[in-house]
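This report describes the strand pairing, the enclosed and open spaces, and the backbone geometry of one protein chain. The structure is shown first, and the description follows.

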Amino acid sequence: MELTADGVVAVVDLDAGGRLASLCVHGHELLVTDRADGVYGWGCYPMVPWAGRVRRGRFRFQDTEVALPLGMPPHAIHGVGVESAWIRTGPTELACDLRDPWPFGGRALQRLDLDGDRLVLGLSVEAEQAMPAMVGWHPWFRRRLDGGGPVELDFVPDAMLTRDDDGIQTGATVPPPPGPWDDCFSGVRQPVGLAWPDVLAVQLRSSCAFWVVYTEPDHAACVEPQSGPPDSFNQTPQVVEPGAPLTHWFEIRWSRGEE
């Protein structure tokens, strides 16, 4: 599936988790497109019906004990949508039925709106029965674009969630330390900025209240809006009911140079 507008090309791979496989802006590919690191390591994919890690792949909801596959042992990670095939339901709409190993059913819906200076991604979860749910996006932005310096991140959060020895957030917060990070943050000032000096600047906005930032890799920077923090299912899950979907959006806006 390909969308175009004023020198911008966005390509969606329906079979690879309905992800944004390429975002080429004025000749510059913004995303990691190399698939060598596996399903979790490229493009920009929707995370649904959870985002981030679930401790040991287990949680309890009402009377149901749930065991999820350990996508990143010893934890479950990033939902089932990333490994599912999506179907095209309209010119810019996609859908994916949430099935095994997700025991609650439901459906995920995506919408992509591309203009000359921005791409807006929408993501919803529809429930068949009361169930916990989260949504989010995992973009892998390239560290370098042709002709420019390494990416510079303008990211100002109020707090960082602490992690325990399992790498799972505890619910406690601390003032954000210097990076590099693989952490979840709250109270993030928007827009979040990414700038490749002398080439392109990007601003990120989202309706999501939490952001995970992963800046440890040498080749990429991941800035991930999420509707809740990792392992919410074991702490304070958001419950989605039939007829009342969980819906969020993520905007990527670009400009030349550092404007």
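## Strands, spaces and backbone geometry

A5 stands opposite V8 in β2. The model in which this pairing appears is a predicted one. The two strands concerned, β1 (residues 2-5) and β2 (residues 8-13), are antiparallel and share four bridges. They form a hairpin with two residues between the strands, where D6 has a positive phi near 50°.

β2 also pairs with β3: the two run antiparallel and are joined by six bridges. Here V12 has L20 of β3 as its bridge partner. The hairpin of β2 and β3 has five residues between the strands, and G17 takes a positive phi near 80° there.

V12 and L20 also appear in the lining of the largest cavity, together with G18, R19, C44, Y45, P46, Q110, L112, L121 and W137. The elements that contribute two or more residues to this lining are β3 (19-25), β5 (44-47) and β12 (107-114). With three residues, β5 supplies the largest share. By class, the lining consists of eight nonpolar residues, two polar and one charged. The volume of the cavity is about 40 Å³, and a search of the whole structure finds one cavity of 30 Å³ or more.

Strand β12 belongs to an open sheet of eight strands, in the order β10-β11-β12-β13-β25-β21-β20-β16, and the pairing is antiparallel. Which strands stand at the edges of this sheet? They are β10 (87-90) and β16 (152-154); each has a single partner strand, so one side of each is left without a neighbour in the sheet. On average, neighbouring strands of the sheet are turned by 20° against each other, direction ignored. In general, strands of a sheet pair through backbone hydrogen bonds, either parallel or antiparallel.

At one end of this order, β16 runs antiparallel to β20 (residues 192-196), with three bridges joining the two. E152 has A195 of β20 as its bridge partner. Towards the other end of the order, E93 is placed in strand β11 (residues 93-97). Its side chain makes a polar contact with the side chain of T92, at 3.1 Å. Leaving aside neighbours within four places in sequence, the residues in contact with E93 are M1, I87, R88, Q110 and R111. Of these contacts, Q110 is also one of the residues that line the largest cavity.

The largest pocket is a separate topic. About 320 Å³ of space lies in this pocket. Its lining has 22 residues, and R53, I77, H78, D182 and V212 lie nearest the centre. Two or more lining residues come from each of β15 (136-142), β17 (159-163), β19 (182-186), β22 (210-214) and β23 (220-226). β19 gives the most, with three residues. The lining divides into 11 nonpolar, six polar and five charged residues.

Two of the strands that line the pocket, β17 and β19, are joined by two bridges and run antiparallel. Across this pairing, A159 has S186 of β19 as its bridge partner. β17 pairs with β18 (residues 169-174) as well, in the antiparallel sense and over three bridges. In β18, Q169 is the bridge partner of R163. β17 and β18 form a hairpin with five residues between them, and G167 in the turn has a positive phi of about 80°.

Some backbone angles in the loops deserve a separate list. Most residues other than glycine have a negative phi, and most peptide bonds are trans. The table gives two cis peptide bonds and one positive phi.

| Site | Feature | Angle |
|---|---|---|
| D100 to P101 | cis peptide bond | omega near 15° |
| G179 to P180 | cis peptide bond | omega about 5° |
| Q62 | positive phi, residue other than glycine | phi near 50° |

P101 lies in the loop between β11 and β12, and P180 in the loop between β18 and β19. The loop that holds Q62 runs between β7 (58-61) and β8 (64-67).

Key
Residues are numbered from 1 along each chain as its sequence is written. This is a predicted model: local features need pLDDT of at least 70, side-chain atom pairs count only at pLDDT 80 or more; totals for chains, interfaces and linings use all residues. Side-chain values use heavy atoms; hydrogens and water are left out. Two strands pair if DSSP finds at least two bridges between them. Axes are lines fitted to C-alpha atoms, for helices over the stretch in contact, and angles run from 0 to 180 degrees between N-to-C directions. A polar contact is a pair of N or O atoms within 3.5 Å; within protein, one must be able to donate a hydrogen and the other to accept it, and residues adjacent in sequence count only if both atoms are side-chain atoms. Contact means heavy atoms within 4.5 Å. On a 1 Å grid over the protein atoms alone, a cavity is a set of points where a 1.4 Å probe fits but cannot get out, and a pocket is an open set with protein on both sides within 12 Å along at least five of seven lines; lining residues have an atom within 4 Å of a point. Grid points are joined across faces, edges and corners, and a volume is the space filled by probe spheres set on the points. Ala, Val, Leu, Ile, Met, Phe, Trp, Tyr, Cys and Pro count as nonpolar, Asp, Glu, Lys and Arg as charged, and the others, Gly among them, as polar.
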